[in-house]
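Please open the model in your viewer and keep the sequence panel beside it, so that each selection can be followed in both. The tour goes from the whole chain to the ligand and ends at two details of the backbone.

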Amino acid sequence: MKDRLQELQSEALEKVKQSEDLKALQDVRVAYLGKKGPITEVLRGMGKLSKEERPVIGQLANDVRESIANAIQTKQDKLEEKAMEKQLEEESIDVTLPGRPVHVGGPHLLTSIIEEIEDLFIGMGFEIKEGPEVETDYYNFEALNLPKGHPARDMQDSFYITEELLLRTHTSPVQARTMKQKDGHEAVRMICPGKVYRRDTDDATHSHQFTQVEGLVVDENIKMSDLKGVLNAFAKQMFGSERDIRLRPSFFPFTEPSVEMDISCKMCGGEGCSVCKGTGWIEILGAGMVHPNVLEMAGYDPEIYSGFAFGMGPERIAMLKYGVDDIRHFYTNDIRFLKQYHKA
Ligand code: DAH
């Protein structure tokens, strides 16, 4: 029995030595130390031994077990350490490798222009207002001195939703909404940027959806010269101090008198070229003195209050400022176009 135990011991130790991974080691453990293993079997036969032999063999069996178990544990520690080293080696980071580029987006050109316009007017004491894109016929037309059947309604082909509801064709309804909010006796100095919709066929200069920035100032003693001063300051800050402005008579139902504002052509400096079609001037917005009917409908007494209003298209301003030749670039999201206007 003694010999058998020693034989098992050297056999097991040899197998432990040969085990190259944790799985093989586990097999050795089960084979030699398990309940059905040969050592257990030897112990089971102890009953046949004499009284003197029993403790000696018992002690030996325990020693053999322990030495095998220790060998397995030592080997297991080694294998685990090796596995860990291998993993660390595989997962090690090469800090000298170049990093993956992170793509950083930026505001859309139109967003940047609108923010620039907002900043300019905030600097002149204006507040920023918003209004609904689904508008009532009343605010979009009637409150702006365009009663039903008025021929000037045809100037703005509209998307109607019901008889009384439409997608706003301009940001001017926000004039009426703002004045209504102010209860007819507070001064107003606001601009309203936002989306507008027209039943136009898209081409290089038309888009069925585009943006506008509306402006409105109402107070006592507001004069045409105030309008001119504000728009001049705006144009010079937006396009450069060397640019001139001029106001031409025009017509809008909600202003009287009405004007259109031109800025001198940057390309030719006013000489006349293909960009300004030989005139030396480029039209950038519509404006005028708020029509007394509009003031009155919004609850302001036109005998006491007067005001001016203007409306401009940020797309047109961006096109002029950056030489963009097609309004559709703003809406087709070609990343090559958009990227050119990302500020670093
Ligand atoms: N609402 C006009 C349009 O869409 C633009 C405009 C012109 C707005 C004159 C105004 C204004 O406030 O005074 O064509």
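Helices and strands are named here as DSSP runs, a helix having at least four residues and a strand at least two, and they are numbered from the N terminus. The model itself is predicted.

**The whole chain**

Begin by colouring residues 2-90 and residues 109-339 separately, as these are domain 1 and domain 2 in the domain assignment of the chain. With both in view, note that their C-alpha centres lie 91 Å apart.

Next select residues 109-320, the range that an unreviewed UniProt entry annotates as "domain: Aminoacyl-transfer RNA synthetases class-II family profile". In cartoon view, 27% of this stretch is helix and 32% is strand, and the C-alpha atoms at its two ends are 13 Å apart.

**The ligand and its surroundings**

Now centre the view on the ligand, which sits in the largest pocket. Which residues are the closest to the ligand? Of the 16 residues that surround the ligand, the closest are His-170, Ser-172, Arg-198, Gln-212 and Glu-214.

Show the side chains of three of these in turn. For His-170, look for a polar side-chain atom 2.9 Å from a nitrogen atom of the ligand. Arg-198 likewise places a polar side-chain atom 2.9 Å from a ligand atom, in this case an oxygen. At Glu-214, an N or O atom of the side chain is 2.5 Å from an oxygen atom of the ligand. If you then switch on a surface, bear in mind that the protein covers 91% of the 350 Å² of accessible area that the ligand has on its own.

To see which strands contribute to this shell, select strand 6 (209-220), strand 9 (281-290) and strand 10 (305-312), each of which supplies at least two residues around the ligand.

**Two details of the backbone**

Leave the ligand and go to strand 8 (residues 255-264), where Pro-257 is found. The peptide bond that leads from Glu-256 into Pro-257 is cis, with omega near -5°.

Finally, select the loop between helix 7 (173-181) and strand 5 (188-197), which holds Asp-183. What is the phi of Asp-183? Its value is near 70°, which is positive although the residue is not glycine. Both stops are worth a careful look because most residues other than glycine have a negative phi, and most peptide bonds are trans.

How values were computed. Residues are numbered from 1 along each chain as its sequence is written. This is a predicted model: local features need pLDDT of at least 70, side-chain atom pairs count only at pLDDT 80 or more; totals for chains, interfaces and linings use all residues. Side-chain values use heavy atoms; hydrogens and water are left out. UniProt positions are given in the numbering used here, feature names are shortened, and annotations may be inferred rather than shown by experiment. Domain bounds come from an automatic or database domain assignment. A residue is near a molecule or strand if one of its heavy atoms lies within 4 Å of it. A polar contact is a pair of N or O atoms within 3.5 Å; within protein, one must be able to donate a hydrogen and the other to accept it, and residues adjacent in sequence count only if both atoms are side-chain atoms. Accessible areas come from the Shrake-Rupley method with a 1.4 Å probe; for residues, only the protein chains shown count as cover. On a 1 Å grid over the protein atoms alone, a cavity is a set of points where a 1.4 Å probe fits but cannot get out, and a pocket is an open set with protein on both sides within 12 Å along at least five of seven lines; lining residues have an atom within 4 Å of a point. A molecule sits in a cavity or pocket if more than half of its atoms lie within 2 Å of its grid points.
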